[in-house]
Structure formats: structure tokens, C-alpha cells
Amino acid sequence: MCDNGNDRIMRYTEGNNTAGVLVAGGNGRGNNTNQLNSPMAIYFDSLSNSLIIANKGAHNIVRWQIGDNKWTLIAGNLNASIGNSPSSFSGPYGLTVDPIGNLYVADTFNRRVQFFPAGHIEGRTIAGITGVFGFNATLLYVPYSVALDNQLNLYVVDNASNRVQKFLRY
């Protein structure tokens, strides 16, 4: 569970929702590799036994190996700076990963969804238009979350538009 107010990721066992175990972060809010800064979404990568984290306040996506005490950068800026280039973010809120390891990120305040092929640090916009908001079929207002179906169609929760928008596999 993302405990974004406490800048950490917690694990709870079924039937015991009061005694969580710290999995990542927990060293106060910050941008150092042993800290998280308002984590908003997580994806468990079973192949690497790690969490991929949308580290919203640091404007990056990081990988935290289970049992480790620090993260490694996957995408975004190491120095926590905001940006709108193909390799930077402004408040990433949501993410998902497809079966071959490609990363999809809801880049909330850039009003777009960025696609990062597996192993690449530079993405490309696959939904929305960077910095342009709206309510029509090609624009996003405040994309919060992303999901894929079994045909790799993309679903985007566009919070300010009160909708879930489907984008066909490209």
C-alpha cells in the first residue's frame, strides 16, 4: 500500500490491517535514494522481486528491490526536477507495466501518458498532448491512473474529466 503522506510503502497481511511491515521508504520525505517523496502508485514486478513506484513528489519512477534499503531510477530526473521532456515528469500519479516490461506512466500535470519501452529512459506520449488539457477524445485533463487489458488496450482514469478513457492498442 502506498502511504504517500508518510512517504513509504507498507505491506499488510490478509486479516491484519493494523500491523503493517515497511517495504520501501520510511526515512522521511526526500529525494535521496533511501527516501520516497509522496509515492502514489506501485507495481510489483515478480521477475525482479521489486516494486516499481510512481514517486510523485520527486517527479520520477523508481525501482525498490524487496529487502533493499534504496531505489534505483527507472525514468524521470534523478534530481527531482519537474519537466515536460520525453524523459521527465510533472507529478506522475499512476503506472503499469505490460508483460514484456514496457512502462506506462500517467504524467498527471503534463496531462499525458508516457510510454517507455523496456530498458529505455526516454519515453513518448501515447495519450494526451503535453501541457494541453481538455475533455475531447484526444486530450486528458488530470490523468491519475492507467491500466491495460489482455489485448494491451490502455485505460486512463482522467480524474478532472470524471471519466475513464480507452485508447486502443497502438
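How many bridges pair β8 with strand β9? The views below come from a predicted model, and the answer waits in the view of that hairpin.

**View 1. Strands β8 and β9 form an antiparallel pair.** Here is the answer to the opening question: β8 and β9 (residues 103-107) are held in register by five bridges. To find one place where the strands meet, look for Leu95, whose bridge partner in β9 is Val105. Strand β8 covers residues 92-97, and six of its six residues are buried. Five residues lie between the strands of this hairpin, and Gly101 takes a positive phi near 95° there.

**View 2. Three strands make an open sheet in the order β1-β2-β3.** The pairing in this sheet is antiparallel. At its edges sit β1 (2-3) and β3 (16-25), each of which pairs on one side only. Strand β2, residues 8-13, is joined to β3 by five bridges. A handy landmark is Thr13, which stands opposite Asn16 of β3.

**View 3. Another open sheet has four strands, in the order β4-β5-β6-β7.** Its pairing is antiparallel as well. The edge strands are β4 (39-45) and β7 (71-76), and each has a pairing partner on one side only. On average, neighbouring strands of this sheet are turned by 25° against each other, with direction ignored. Moving in from the edges, you meet β5 (residues 50-55) and β6 (residues 60-65), which pair over six bridges. Within that pair, Ile52 has Arg63 in β6 as its bridge partner.

**View 4. Gly134 sits in the loop between β11 and β12.** The strands on either side of this loop are β11 (124-128) and β12 (143-148). Is Gly134 buried or exposed? Its relative accessible area is 9%, under the 20% limit, so Gly134 counts as buried. Leaving aside residues up to four places away in sequence, Gly134 touches Leu139, Leu140, Tyr141, Asp158, Ser161 and Arg163. For a sense of distance, compare Asn27: the C-alpha atoms of Gly134 and Asn27 are 38 Å apart, and 107 residues separate the two in sequence.

**View 5. Phe89 and Phe116 bring two aromatic rings together.** The whole structure holds six aromatic pairs, and this view shows one of them. The ring centres of Phe89 and Phe116 are 5.7 Å apart and the planes meet at 55°, so the pair is classed as tilted. This pair links distant parts of the chain, 27 residues apart: Phe89 belongs to the loop between β7 and β8, while Phe116 belongs to strand β10 (residues 112-116). Both Phe89 and Phe116 are buried.

**View 6. Phe133 and Tyr141 form an edge-to-face pair.** With 4.7 Å between the ring centres and 70° between the planes, the arrangement of Phe133 and Tyr141 is edge-to-face, because the angle is over 60 degrees. Phe133 is partly exposed, with a relative accessible area of 45%, and Tyr141 is also partly exposed, at 24%. Tyr141 has a charged companion too: Arg111 lies over the face of the Tyr141 ring, 5.4 Å from the ring centre. You may remember Tyr141 from View 4, where it is among the residues touched by Gly134.

**View 7. Tyr93, Phe109 and Tyr144 gather in one aromatic cluster.** To finish the tour, look for these three residues, Tyr93, Phe109 and Tyr144, which belong to a single cluster of aromatic rings.

Methods:
Residues are numbered from 1 along each chain as its sequence is written. This is a predicted model: local features need pLDDT of at least 70, side-chain atom pairs count only at pLDDT 80 or more; totals for chains, interfaces and linings use all residues. Side-chain values use heavy atoms; hydrogens and water are left out. Two strands pair if DSSP finds at least two bridges between them. Helices (H or I, at least four residues) and strands (E, at least two) are DSSP runs, numbered from the N terminus. Axes are lines fitted to C-alpha atoms, for helices over the stretch in contact, and angles run from 0 to 180 degrees between N-to-C directions. Buried means under 20% relative accessible area, exposed over 50%, partly exposed in between (1.4 Å probe, protein chains only). Contact means heavy atoms within 4.5 Å. Rings of Phe, Tyr and Trp (its six-membered ring) pair if their centres lie within 6.5 Å; planes under 30 degrees apart count as stacked, over 60 as edge-to-face and the rest as tilted. A charge sits over a ring if NZ of Lys or CZ of Arg is within 6 Å of the ring centre and within 35 degrees of the ring normal.
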